[in-house]
Amino acid sequence: MRLLEYQAKSLFAEYGIPIPKGLTSIDIGQGRKDAAVLGFPFVIKAQMAVGGRGKAGAIQKCQNADEFELKYPDIMQKVVKGEKTKAILLEKMADIKKELYLSLFLNRGKRCYTIIASGEGGVEIESVKNQIIHEVGLGNVDAKTAEEVGKQMGLKDKPLTQFIDILQKLAKITVEKEAELAEINPLAVLGDDSVVALDGKVIIDDNAMFRHDELRKFQEVSELEERAEKSGFSLVELDGNIAVVGNGAGLVMSTLDMLSDNGGKPACFLDVGGGATTETVYEALTLISKMKKVKGILVNLYGGIVKTTTVATAFLKAYDDKIIDLPVFARMSGAEADKSKEMLKGSRTKMFDTIEEAINAAVIEMNKNG
Amino acid sequence: MVDLFELLIGKEGDKDYKKKPVIVQGITGKFGSFHTQQMLAYGTNVVAGVTPGKGGQEHEGVPIYETMSEAVNATGAKISIIFVPAKFFLSAAVEALESGIKLLIAIPEHVPVKDALTIVELAKKKDAIVVGPNTPGIIIPGIIKIGIMPASPFKEGRIAVISRSGTLMYEVSHNLSVANFGQSICFGIGGDPINGTPLIQAFDTIRNGANIDGIVVVGEIGGDAEEMLAQHIIDTKFDKPVVAYIAGRAAPKEKRMGHAGAIVYGNYGSAESKVSMYAKANVPVAKRPAEVPMLLAGKLGKGRIK
C-alpha cells in the first residue's frame, strides 16, 4: 500500500520528523477555509500515488486568492500517469537552502534494509548523484551509523544533529509500520539551518496489514478489489476489453503478455489462486460481470489436480444464473477435457487445447465487434 | 554447509536412500491434508504431522505430534513442509528450525517481509535451507515431491527448472516433458520479494549437485534476481545451456501483479531490464511458455550431435 504524501507526513509528524505546516482538503469549500488558516503564499499539491507531479503541473505555487480560485480546481482534476488527484494539500512555502535525499528500502537482492542518502536531492532517485548506500539489516539505525551517513553527505553542526534524529525516526517508522520503502525527497535544510521533510513516500508491506489496524484508514480499495480480496483473488484493473482470468500470478501475467502480443487489450488481471474450484471460477465470473468495459473473457487454467469439468460447471451455472452473457475463450489443461467440451457445447464458452488458439479466437471476436 | 541433494535423496547405502522422512506442519488443515495425500501417493515418505491440540491422533495414516521437537525426536526427519496460514508462519518456521530441521519448504502466501527476513537470518545461524515462502515446493521427478505441485507435468530427466511462479513451473515443465525433456529437479523459489533460497543460490546448488544438461529459469517482473543471475552466469562462465522465460512484459508499472514480488518501479524490475541482461549472458528468453523447449533444443543442438 502506497501512502499519499499527506498520509506519509502524518506518520512523520507522529514520529517527530519535522514537516511544513499544511492542511488537506477534498473540495474547494474546505480548501478556502484551509487557505485562510494558512495565509498566502503557499503551495498547492495534488495528492496522488505517483511520481513526477511537479513536472505535470500537479504542484503549483499560489500567491493570492485569485490564483487559488483558478489553480485549486485545475489541480483537483489533474491526471498524472493514469492517477487521479485524491485530495489537495496546501502547504506553507519553505525557505530552502539545500535539498537532500534520504530513503530506507527493502533491498531484495541483499535481503536486508538499505539506506540511500545524498547531499543532492530534489530529483528522482534515478538521477540522484553521489548516493551513499548503507545496509542496515532489519532496518534499525543507531546514532553512530546515522552520524556517519550525515557526515558523508557533507552535513555538519545543527543540520547534522537534526539529520541524525530524522534518519533514526524514519528507520523507526520503517521497522514499526513494516514499510518496504520510506523516502523523504527532498529533505530540506532551511535558511535557519533546521531540517524539514518537504515530501514523503511510504509503501507499507500489504502482507503485514493484519498487524496494522491503525493504518487501515489510509487504505483505499475499490468495491471490486475488496470483493476479490475476500475470495483470496488478486485483481488489477486495466484499460482494455478482454478480462484475463487464470490460476497463479505467473500464469495470468503470461496470458496477459501473449494477449497483448497478439493485439488484444486486457481489461483486467484476475488471479483466482493456485487451485481452481467451481466456486472460485463462478465468483471470478461474477466479479467480471460488474466491469462494464468487458466484452469477452479469456480464461487460462492450469488444471493439474483440478478436473476441467468442475470449471465447466461454473461457466454453465454463471450462464444459467444470468451472471454473464459474454463470450468466454477458455483453455484448461487437466483431467476430463473432452467431457467438459461436451458439457459446454452450445454455450457461449469455447474450450481450446492451447492458450494460443484461445487468444487468437478472442482477438478475432473482439475485432469483429469493433 | 548442508547439501540440498543429500537432504532430499541421501547417499546410496543410507537405509533411507531416496526415502528421506518428511514432516508436515499443519497436516490437519484442508490444504495440508489434501497435499499430504498427494505427496504420499507420489511416494514421498511423510512420517509425521504437527498440529497443536491434536497430538497422539493419526491423519492419512500419519502420526500427529503436538510440537516439532517431539516429531523430530520421534522420526529423525530433517525436512519439513509448512502449510499454516501466513500469520502463523513465523512461529511455525522458528519452531522447525529450532528443532533441527535442515530443509524447510515454506508454502504459505502473504507472509510479511519482516517475518521472511527473520527466518532468513535464523536459517543462516542454524545452517538450514529455506525454500519459499509462497513456493509450490520442490520435486525430483520419480523420487520425491515436497510441495503442492500436481505430479502429471513432471517427468524424469536431465533438465533443471527454477521458477518464481507455481503454475508457470507446471506449465513450462509440462511443455518440456511433452518435448521429451524430462527434469532432474524443479525448484520453486517463490513469488515473494524475499526468498529463503534466492535465484542465484538455487542456480548454484543445482549446477553443483544435479546431473543436468541444461537449466530453465522461469522468472517474472520485479526485483533484480534475473539481472544478478545473468551477471553470475557471465562471471562464473557457466557453459551449459540456460533458457529463460519472463512473465509480465505487458504489466503496468507500480502495480502488484498477484505475487508480492511482481512489481516494477521505474526501470527497476522491468522485463526489458531482465531481457537485456540475459542477452549479455547469451541466455535466450522465450516469448511464451510453449517456446521454452524449442529454444532449449536449439541450445542443446549447438554443442553436440543428437
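So, the place where the two domains of chain B meet: in this predicted model, 13 residues of domain 1 of chain B are in contact with nine residues of domain 2 of chain B. On the domain 1 side, α1, α5 and β7 of chain B each supply at least two residues. The largest share there comes from α5(B), with six residues. And what kind of residues are they on that side? They divide into 13 nonpolar, no polar and no charged.

For orientation, the domain assignment of chain B puts domain 1 at 4–131 and domain 2 at 152–301. Their C-alpha centres lie 26 Å apart.

Let's stay with β7 of chain B for a moment. This strand, 129–131, is one of the two edge strands of a sheet, the other being β3 at 58–59, and each pairs on one side only. The sheet is open and has seven strands, in the order β3-β4-β2-β1-β5-β6-β7, with mixed pairing. β7(B) runs parallel to β6(B), residues 103–106, and three bridges join them. If you'd like a spot to look at, find I105(B), which stands opposite V131(B) in β7(B).

Now follow β6(B) to helix α4 of chain B, residues 86–98. α4(B) lies across β1, β5 and β6 of chain B, running at about 165° to β6(B).

That helix brings us to the other chain. The contact between the chains takes 44 residues from chain B and 35 residues from chain A. On the chain B side, α4, α5, α6 and α8 each supply at least two residues, and α6(B) gives the most, with five. The chain B side divides into 23 nonpolar, 11 polar and 10 charged residues.

Thanks, everyone!

Conventions:
Residues numbered from 1 in each chain as written. Chains lettered and ligands numbered in written order. Predicted model: local features only at pLDDT ≥ 70, side-chain atom pairs only at ≥ 80, totals over all residues. Pairing = 2+ DSSP bridges. Helix = DSSP H or I, 4+ residues; strand = E, 2+ residues; numbered from the N terminus. Contact = placed C-beta atoms within 7 Å. Axes fitted to C-alpha atoms, helices over the stretch in contact; angles between N-to-C directions. Nonpolar A, V, L, I, M, F, W, Y, C, P; charged D, E, K, R; others polar. Domains from an automatic or database assignment.
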